[in-house]
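Reader: I have a structure open and would like to talk it through with you. Could you take my questions one by one?

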Amino acid sequence: MSTPLVARSVWSGVLVGIGTAAFIDETVFHQLLHWHHFYDKSTTSMGLVSDGLFHAFGFFAVVIGLVMVADLVRRAGLSKYGLAAGIFLGLGGFQLYDGTVQHKLMRLHQIRYEVDIVPYDWAWNVIAVLLLVVGVLLLGVARRRGAAAPR
């Protein structure tokens with residue numbers, strides 16, 4: 001398998017991973033637990049609108065990623081390890097971005113309110129780093145397998 005197809009497999013996985021992380025965040029923390037909205041610095045109505053836009057973003061990321069996967073399958077060029085690496089990189093990258101940039105730098109929202117946030121922040125970001133480590137390890141496997149494939 002050629003390196004560009006491995007890279008395309010990884011990028012399709014990244015989109016699926018980002019969209020999946022957004023879906024889990026939106027469904028669990030926004031809708032089921034009611035811990036926060038995507039944007040908490042306005043009215044509840046504005047928070048719900050921001051959640052809807054966030055949900056749409058995640059949905060489109062998954063759809064575009066899956067269209068790319070379908071194209072790779074059609075071309076017999078899907079790297080399963082590349083796809084898996086991308087999914088883990090997307091999951092972890094999104095979560096680390098959310099936990100650092102959106103929670104701390106931009107202060108769009110916190111994981112929870114009216115509790116000691118430190119354990120939540122640590123858990124959120126440590127899980128993100130672990131997902132990224134798995135993604136990097138799988139990326140190494142995908143690259144080795146892609147480089148070893150006949151051209």
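Author: Happy to; the questions below go from the overall fold to one helix and its partners, and please keep in mind that this is a predicted model.

Reader: Which pattern does the protein follow along the sequence?
Author: Let's begin with the elements: the protein has four helices and zero strands. Read from start to end, the pattern is α-α-α-α.

Reader: How are α1 and α2 oriented relative to each other?
Author: Helix α1 covers residues 3–32 and helix α2 covers residues 44–74, and their axes lie 8 Å apart at an angle of about 150 degrees. Angles over 145 degrees count as roughly antiparallel. The two helices, α1 and α2, are therefore roughly antiparallel.

Reader: What is the handedness of the crossing where α1 passes α2?
Author: The contact between these two helices has 16 nonpolar, nine polar and five charged residues. As for the crossing of α1 with α2, it is left-handed.

Reader: How far apart are the end C-alpha atoms of α2?
Author: A nice check is available here: α2 has 31 residues, and at 1.5 Å a residue it should span 45 Å. The distance between its end C-alpha atoms agrees with that, at 45 Å.

Reader: Which helices do the buried residues of α2 pack against?
Author: Buried here means under 20% relative accessible area. In α2 the buried residues include Gly47, Phe54, Gly58, Met68 and Leu72. The buried residues of this helix pack against α1 and α3 (80–105).

Reader: Which residue just after α2 takes a positive phi?
Author: Helix α2 runs over residues 44–74. Just after it, a phi of about 55 degrees is found at Ala76.

How values were computed
Residues numbered from 1 in each chain as written. Predicted model: local features only at pLDDT ≥ 70, side-chain atom pairs only at ≥ 80, totals over all residues. Heavy atoms only, no water. Axes fitted to C-alpha atoms, helices over the stretch in contact; angles between N-to-C directions. Parallel < 35°, antiparallel > 145°, perpendicular 65-115°, else oblique. Left-handed = near helix turned anticlockwise from the far one by under 90°. Nonpolar A, V, L, I, M, F, W, Y, C, P; charged D, E, K, R; others polar. Expected span 1.5 Å × (residues − 1). Buried < 20%, exposed > 50% of the residue type's maximum accessible area, 1.4 Å probe, protein only. Contact = heavy atoms within 4.5 Å.
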